[in-house]
Amino acid sequence: MGAGRGMTLPRLVPPDAPRRIRLMGMPISIITEEQAVRHIIESRRAGAGGWVITPNLDQLRLYRDQRDLRPMYEKASLVLADGMPLIWAASIQRTPLPERVAGSAMIHSLTAAAAESGLSVFLLGGNTGAAERCAEEFIKQFPQLNVAGTYCPPMGFDRDERQMERIRAMLVEARPDIVYVGLGFPKQERLIEKLRPLLPAAWFLGIGISFSFVAGEVKRAPHWMQRCGLEWLHRMTQEPGRLIKRYVIHGIPFALRLLGGTGIARIRRMTRRTAE
């Protein structure tokens, strides 16, 4: 495994940022997974880095409740809707999004594109050993993939300046083109904010539990559950103690509020137009 520091990339013009809609104030990029992967690869080949956030229903709820989280969505290069309720709500308010773009799916498609393009990846975070096993699995799938490094920091690393300095030094030494950060929201996004200035030409993606998905430690929901917006139910049955509060206590009422609110807002707009 090694860094891609010796690679000479052709000088290209970075692609334009995709248009965005607003959902409860949150900006969301109008883009497919395939287009997002192409945008990242072409931007990196042109020497431009970026930041990807993949909000789901819970993140939208936190976005509404915690104002300090909102600026990061404005800073992000791509904000990808990783949750069917967001897709449904966007359609209801007549600002449709082309498809759900899940971070757990994009890590596969983007890694495949990176391997084909000769770009290097760094895996940061995840459960103990998950990043290493994820990297091993990817190298089996894509033998030409350049893994610049992996690191799983200990608990509380973000409050330990020595650990933070170690992470910074590892990334500066490796100089990866793409950095996957698997620490969960919003810890991974807060860390990315701190690390991005070190590697302005790299792309950073917060991908949650995806290392464990790739490594086979946690199973993803069947495709039919993903399409029907029931992936949360599959996840909850695997980790009920940790996820029941997020999905049942907070998630279901907020989903009803989101869908009902966008529906009511649409009816009011139609009524006003009729009256005019």
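These are my notebook entries on the salt bridges I looked up in this predicted model.

Entry one, the count. I began with the general idea that side chains of opposite charge can pair when their charged atoms come close. For this structure the count comes to 14 salt bridges, and I followed up three of them below.

Entry two, Asp58 and Arg246. I found the side chains of these residues joined in a salt bridge, with N to O at 3.9 Å. Asp58 belongs to helix 2 (residues 57-65) and Arg246 to helix 12 (residues 240-275), so that the pair links distant parts of the chain, 188 residues apart. When I checked accessibility, Asp58 counted as buried at 17%, because the cut-off for buried is under 20% relative accessible area, while Arg246 came out as partly exposed at 27%.

Entry three, Arg100 and Asp82. Here I noted a salt bridge with an N to O distance of 2.9 Å. Arg100 sits in the loop between helix 4 (84-92) and helix 5 (103-117), and Asp82 in the loop between strand 4 (78-79) and helix 4, so this salt bridge ties together parts that are 18 residues apart in sequence. I looked up both residues for burial, and Arg100 and Asp82 are each buried.

Entry four, Asp160 and Arg162. The closest N and O atoms of this salt bridge are 3.9 Å apart. I recorded Asp160 as partly exposed, at 26% relative accessibility, and Arg162 as exposed, with a relative accessible area of 70%.

Entry five, a network. Returning to Asp58 and Arg246, I saw that salt bridges with shared partners join these two residues with Arg61 and Asp65 into one network.

Methods: Residues are numbered from 1 along each chain as its sequence is written. This is a predicted model: local features need pLDDT of at least 70, side-chain atom pairs count only at pLDDT 80 or more; totals for chains, interfaces and linings use all residues. Side-chain values use heavy atoms; hydrogens and water are left out. Helices (H or I, at least four residues) and strands (E, at least two) are DSSP runs, numbered from the N terminus. Buried means under 20% relative accessible area, exposed over 50%, partly exposed in between (1.4 Å probe, protein chains only).
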